[in-house]
Amino acid sequence: MLKDYKTQAGMGIWGGLFFFLLGYMLAVPETPYYQFGVAMLIGSGALFAIGCLMYARGKGYSWCVGALGLLGPLGLAVLYVLRDRSG
């Protein structure tokens, strides 16, 4: 996998998961920052999707294959075991 794509994919996937968990904790209706938590959930989903797409492009596949990562842990496992065609 190309180094640039590896860095972008790692930041996108792990950053998306981190901000999703943080937004999930803030999106409770009793908290004063409810709207901020919902916005963070939406933004983290976009960040996670971009990270999956960059991971697939780094391995030499199209963005359609990167959409498999959005299917959850099974999709991420499929992305991980795909053969690297970037070289």
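What follows is a friendly conversation about a predicted model of a protein.

Visitor: What elements is the protein built from, and how many are there?
Guide: There are four helices and zero strands. Read from the N terminus, the elements run α-α-α-α. The C-alpha trace spans about 50 × 25 × 15 Å along its principal axes, and 29% of the 87 residues count as buried.

Visitor: Why is Lys59 called buried or exposed?
Guide: Lys59 has a relative accessibility of 8%. The cut-off for buried is under 20%, so with 8% Lys59 counts as buried.

Visitor: Where does Lys59 sit along the chain?
Guide: Lys59 is in the loop between helix H2 (34-58) and helix H3 (63-66).

Visitor: What is the nearest side chain of opposite charge to Lys59, and how far away is it?
Guide: That side chain belongs to Asp84, at 6.4 Å. A salt bridge needs a side-chain nitrogen within 4 Å of a carboxyl oxygen, so Lys59, with Asp84 6.4 Å away, has no salt bridge. The C-alpha atoms of Lys59 and Asp84 are separated by 4.8 Å, with the two positions 25 residues apart along the chain.

Visitor: What does the side chain of Lys59 reach?
Guide: It reaches two backbone oxygens: that of Leu79 at 3.4 Å and that of Leu82 at 2.7 Å. The limit for a polar contact is 3.5 Å, and both 3.4 Å and 2.7 Å fall within it.

Visitor: What ring does Lys59 lie over?
Guide: Lys59 lies over the face of Tyr80, at 6.0 Å from the ring centre. Tyr80 is also one of the residues that Lys59 touches, and others include Met1, Val81 and Ser86.

Visitor: How do you describe a pair of aromatic rings?
Guide: The distance of the centres and the angle of the planes describe such a pair. In this protein the count comes to two aromatic pairs.

Visitor: What makes the pair of Phe18 and Phe19 stacked or edge-to-face?
Guide: Their centres are 5.3 Å apart and their planes are at 65 degrees. Rings pair if the centres lie within 6.5 Å, and planes over 60 degrees apart count as edge-to-face, so Phe18 and Phe19 form an edge-to-face pair.

Visitor: And why does the pair of Phe20 and Tyr24 get its name?
Guide: For Phe20 and Tyr24 the centres are 6.3 Å apart and the planes are at 20 degrees, so the pair is stacked. The cut-off for stacked is under 30 degrees. Both residues lie in helix H1 (residues 3-26), four residues apart, about one turn of the helix.

Visitor: How do you know whether Phe19, Phe20 and Tyr24 are buried or exposed?
Guide: Exposed means over 50%, buried means under 20%, and partly exposed lies in between. Phe19, at 35% relative accessibility, counts as partly exposed. Phe20, at 40%, also counts as partly exposed. Tyr24 has a relative accessible area of 56%, so Tyr24 is exposed.

Visitor: What about Ser44: where is it, and is it buried or exposed?
Guide: Ser44 lies in helix H2. At 2% relative accessibility, set against the cut-off of under 20%, Ser44 counts as buried. Not counting residues up to four places away in sequence, Ser44 touches Gly16, Phe19 and Phe20.

Note on methods
Residues numbered from 1 in each chain as written. Predicted model: local features only at pLDDT ≥ 70, side-chain atom pairs only at ≥ 80, totals over all residues. Heavy atoms only, no water. Phe/Tyr/Trp six-rings, centres within 6.5 Å; stacked < 30°, edge-to-face > 60°. Buried < 20%, exposed > 50% of the residue type's maximum accessible area, 1.4 Å probe, protein only. Helix = DSSP H or I, 4+ residues; strand = E, 2+ residues; numbered from the N terminus. Lys NZ or Arg CZ within 6 Å of the ring centre and 35° of its normal. Lys, Arg positive; Asp, Glu negative; His and termini not counted. Polar contact = N/O pair within 3.5 Å; in protein donor to acceptor, adjacent residues only side chain to side chain. Contact = heavy atoms within 4.5 Å.
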